[in-house]
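Reader: Hey, I've got a protein model open and I'm a bit lost. Could you walk me through it?

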Amino acid sequence: MRRRPRPVGRDRRRGDATTRLWVFGLVVLSLMGALLGRLGQVQLTQHEDYVQAAATVNTRVITEPAVRGRILDRNGTPLVDNTSEAVVTVERAALLDADDGGKALVRRVAEALGRPFDQLWGRTRDCGTEGAPAPPVCFNGSPYQPVPVAAGVEPTRALSLLERPADFPGLAVHARPVRDYPARDQASAAHVLGYLARASAADVEAAKGLVGDTDMVGRSGLEQQYDRTLRGTPGRTTVAIDPRGVVTGTLSVQPPVPGRDVRTHLDLRVQKSAEKALADAVSKARSRGWKADAGAAVVLDVRDGGVVAAASYPAYDPTVWTGGITERELAELTDPKAGTPLVSRVTSSGFAPASTFKAISLPAAVKAGNGLGRTYDCTSSYRIGNREFRNFESRAYGPISLREAMVVSCDTVFYDFAYRSWKAQGGLAATSDARDPFIAMARDFGLGSTPARGPAPATPRSRPRTVRGRPTSRHWRARTARRASSSAPATPPTSPSGRATSRSRRCRWPGPTRRSPTAGRCGRHNWQRRPQHPAGETRRWSPRTPTARSG
């Protein structure tokens, strides 16, 4: 029986399928070989890198504040400088890895430093977390930085901890810059220099990355006025963290740029003399039975308007802010019974200037036509209508020059200037202050205006925020008189310049002068204005029995 011949096409198709199968098998084997090779490479040569990458889930940026610039007087003498204090820190990983959360470690640190355990342990708790103590005990810094458990530690004690790494794992000692006041034994100048406090959320948001939540920013005085210049540029460190929030490595570091020094017009020698003169004046006033609970003294350079000295009473030690202020210390600075030492009577309060206003009244009187080379009769009193205005202590000096009138502060000479100017303007019939030389001169000197917040440090007129003064106008005096007459049992008579002149022990009068825009002396009256009232707020007049004079 004969076989049929197999078709040639079928054999060819079988051969093609076998070839493709072998090719596919080789490709699979090659891929598997490459995969196994790469797996071996990862396990044998890159194991540590991938373990770290697996543990790292995110990155964080830590800001490091720059060293603040110094504040110098006009001669280059440092009024505010920087010093360092030893700070003991603990790594968060050392606390988290411990079975007891790090309590035993912190307790050993507290015993070695001689400090309360509760205080140090409270510093390890982030503010706002469960079980954290109230500020300032809790830690309100970055959770990705080592925890500073103790600050201001004696260097010898701090370094002794580093000698025993087995007993104090994760411990480190850092030098932290803090503000120092090398001239405080000569002059405090606390109010004009100002102080630092931790940045608030509003400060951080407004700074747009230039201020961190742990930075210190100026809160008053020159520290606040030139904060941006003094604080410099903070550093930025990018760190990697694991799922527990523990820093596992540093990715990049941008070091901080120190702040610039600010050279002021203050003169340490003049500041010392101003503070001493102010304290002596307070002591002298109290020896006479007067209250004398507050005061201020300012010295200006007449050539450029620079502030050479600015003293406020009561004063305080500026070092109270170094390292953080306690609640008790802050309560003492804000205690009204102690005179509220924190309030600057130079820039943050409004007062009647008394005879210091003569520095403005004199050029106004000269501009009004009173000659500099003439003599003027300094009588013991000056009568206007049926009212007699007495000179200080009713003393008469006779014909004197304008220079001597300023030296002895002769009130009656300036009463005469004011009265004649008042009549020239139309007296009671006048309705405008447009022709009043004293009001115009006061405004030319800047009274009634708030200085700009901050020109360049070299500008001599730069100064911290101030309370606006008020050169009183006819409209304001009429309005205040109406308010006073509607609420007080009596209305104080006024001088030609419109200042109250009733003899009273305490009259809460909001005008910028105590009696006259020219004399400015209170005589036997004590016009007082309480500090811290908003600008523009008026105080009603209330008569009292005369017991003392001021000015």
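Author: Sure, we'll go through a helix, the nonpolar cores, some salt bridges and the disulfides. One thing to keep in mind is that this is a predicted model.

Reader: Okay, let's start with α4. Which residues of that helix are buried?

Author: Helix α4 runs over residues 103-113, and its buried residues are L105, V106, V109, A110 and L113. They span an arc of only 135° around the axis, which puts them on the same side of α4.

Reader: Why would residues a few places apart point the same way?

Author: An α-helix has 3.6 residues a turn, so residues three or four places apart point the same way.

Reader: Cool. What covers the buried residues of α4?

Author: Both strands and helices do. The cover includes the strands β3 (78-90), β4 (147-153) and β5 (171-180). It also includes the helices α3 (92-97), α5 (117-123) and α6 (155-162).

Reader: And what happens just after α4?

Author: There you find G114, which takes a positive phi of about 70°.

Reader: Let's talk about the largest nonpolar core. How many residues does it have, and which ones touch the most other members?

Author: It has 21 residues. Those touching the most other members are V88, V109, L113, L120, V149, L161 and L171. At least two residues of this core come from each of β3, α4, α5, β4 and α6. The largest share is that of α4, with 5 residues.

Reader: L113 popped up twice there. What is L113 in contact with?

Author: If you leave aside neighbours within four places in sequence, L113 contacts V88, L120, A150, V153, R157 and L161.

Reader: Where do I look for a second core?

Author: Try I360, Y376, C378 and F438, which are among its members. That core is separate and has 17 residues. Remember C378, since we'll meet that cysteine again with the disulfides.

Reader: Noted. Switching topic: how many salt bridges are there?

Author: The structure holds 20. A good one to begin with is R68 with E223, whose side chains meet at 2.8 Å, N to O. R68 is in the loop between β1 (58-64) and β2 (71-72), while E223 is in helix α9 (residues 221-225), so the pair ties together parts that are 155 residues apart in sequence.

Reader: Are R68 and E223 buried or exposed?

Author: Both R68 and E223 are buried.

Reader: What about R176, which residue does it pair with?

Author: R176 forms a salt bridge with E85, and their closest N and O atoms are 2.6 Å apart. This pair links distant parts of the chain too, with R176 in strand β5 and E85 in strand β3, 91 residues apart. R176 counts as partly exposed at 32% relative accessibility.

Reader: And why does E85 count as buried?

Author: Because its relative accessibility is 16%, and buried means under 20%.

Reader: Got it. Where do R231 and D227 lie?

Author: Both lie in helix α10 (residues 227-231), 4 residues apart, which is about one turn of the helix. Their side chains meet in a salt bridge of 2.2 Å, N to O. R231 and D227 are both buried.

Reader: Which residues are linked in a network of salt bridges?

Author: The network links R68, R179, E223, D227 and R231. You've already met R68 and E223 as a pair, and R231 and D227 as another.

Reader: Last topic, disulfides. How many are there?

Author: There are 2. In one, C127 and C138 have their sulfur atoms 1.8 Å apart. The torsion about that S-S bond is about 95°, so the disulfide is right-handed. C127 counts as partly exposed at 28% relative accessibility, whereas C138 counts as buried at 2%.

Reader: And which cysteine is bonded to C378?

Author: C410 is, with the sulfur atoms 2.1 Å apart. C378 sits in strand β13 (residues 375-378) and C410 in the loop between α14 (402-407) and α15 (411-424), 32 residues apart. The S-S torsion here is about 110°, so this disulfide is right-handed. C378 is buried at 0% relative accessible area, and C410 is buried at 0% as well.

Reader: If I number the bonded cysteines in sequence order, what is the pairing?

Author: The pairing is 1-2, 3-4.

Notes:
Residues numbered from 1 in each chain as written. Predicted model: local features only at pLDDT ≥ 70, side-chain atom pairs only at ≥ 80, totals over all residues. Heavy atoms only, no water. Buried < 20%, exposed > 50% of the residue type's maximum accessible area, 1.4 Å probe, protein only. Arc of directions from axis to C-beta. Contact = heavy atoms within 4.5 Å. Salt bridge = Lys/Arg side-chain N within 4 Å of Asp/Glu carboxyl O. Core = buried A, V, L, I, M, F, W, Y, C linked by side-chain atoms within 4.5 Å. Disulfide = S-S within 2.5 Å.
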